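User: Please take a close look at a single part here, the side-chain contacts, and place each partner in the fold. A plain account is enough.

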Amino acid sequence: MRLPMRISDIPLRLATGAFILNSGLSKRDADEETAQGMHGMAAGTYPFLKDIDPVTFTRLLSAGEIALGAALLLPVVPSRIAGAGLAAFGAGLVGLYLRTPGMRRPGTLVPTQDGMAIAKDSWLVGAGLSLLIGDCDADRRRGRGRR
């Protein structure tokens, strides 16, 4: 049986999957204050989230992170799928960084001290795209790519 990923994907998938799974598990039992803080920041950037209860939002975020982390860690999930999920999740975090006041120095992409933790999430986009593009490139080399 052939796995739906390349051996070279394993370190990237293990590192990102473990990190995101841990993040999701740590949010599972978040208290009301923590949930309100996470929800407030997300809703300030993505207004469609304002109507969701903060505790519900945090539980959904936790479940999403657990699912994504598990998808990255499970070798039966193709790298293309896991990479697409990782890139989308990372893009949402980068959007938070770009749109939240005080995260960047005015007129630049350079993070402030407050923005450093979220700016670091840009690596998730790069990792996801690497899994996605690498899988497509492997298909092309095997003669299964779209022409």
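Analyst: A salt bridge is taken here as a side-chain nitrogen of Lys or Arg within 4 Å of a carboxyl oxygen of Asp or Glu. The model is predicted, so local features need a pLDDT of at least 70 and side-chain atom pairs a pLDDT of 80 or more, while totals for chains, interfaces and linings use all residues. Residues are numbered from 1 along each chain as its sequence is written, and side-chain values use heavy atoms, with hydrogens and water left out.

By the salt-bridge rule the count comes to 2. One of them joins Glu-65 to Lys-27, with 3.1 Å between the closest N and O atoms. This bridge links distant parts of the chain: Glu-65 sits in helix α3 (residues 54–73), Lys-27 sits in helix α1, and 38 residues separate the two. Helices are DSSP runs of H or I with at least four residues, strands are runs of E with at least two, and both are numbered from the N terminus. Glu-65 counts as buried because its relative accessibility is 5%. Lys-27 is also classed as buried, at 15%. The classes are buried for under 20% relative accessible area, exposed for over 50%, and partly exposed in between (1.4 Å probe, protein chains only).

The other salt bridge pairs Asp-9 with Arg-6, where the closest N and O atoms are 2.8 Å apart. Asp-9 is buried, since its relative accessibility is 3%. Arg-6 reaches 23% and therefore counts as partly exposed.

Now the rings. Phe, Tyr and Trp (its six-membered ring) pair if their centres lie within 6.5 Å; planes under 30 degrees apart count as stacked, over 60 as edge-to-face, and the rest as tilted. The structure holds 2 aromatic pairs. Phe-19 and Trp-123 make an edge-to-face pair, with 5.6 Å from centre to centre and 75° between the planes. Here too distant parts of the chain are linked, as Phe-19 belongs to helix α1 and Trp-123 to helix α6 (residues 122–141), 104 residues apart. Phe-19 has a relative accessible area of 46%, so this ring is partly exposed. Trp-123 is partly exposed as well, at 35%.

Tyr-46 and Phe-48 form the tilted pair, with centres 6.2 Å apart and 55° between the planes. Tyr-46 is buried because its relative accessible area is 18%. Phe-48, at 63%, is exposed.

Helix α1 spans residues 10–27 and includes Ile-10. Ile-10 has a relative accessible area of 31% and is therefore partly exposed. Together with Ile-7 and Leu-14, Ile-10 makes a nonpolar surface patch of about 300 Å². Patches take residues with over 30% relative accessible area and no salt bridge, joining like charges within 9 Å and nonpolar side chains (Val, Leu, Ile, Met, Phe, Trp, Tyr) within 5 Å. The areas come from the Shrake-Rupley method with a 1.4 Å probe, and for residues only the protein chains shown count as cover.

Two further residues help to place these contacts. Ala-63 lies in helix α3, the helix that holds Glu-65. Ala-63 is partly exposed because its relative accessible area is 41%. From the C-alpha atom of Ala-63 to that of Val-77 the separation is 18 Å, and the two residues are 14 apart along the chain. Gly-95 is part of helix α4 (residues 79–99). With a relative accessibility of 10%, Gly-95 counts as buried. Gly-95 and Asp-9, one of the salt-bridge partners, are 86 residues apart in sequence, and their C-alpha atoms are 26 Å apart in space.

As for the setting, the secondary structure of the protein chain comes to 6 helices and 0 strands. Read from the N terminus, the order of elements is α-α-α-α-α-α. The C-alpha trace spans about 50 × 35 × 25 Å along its principal axes. Of the 147 residues in the protein chain, 35% are buried. Glu-65, Lys-27, Asp-9 and Tyr-46 are among the contact partners that fall in the buried class.
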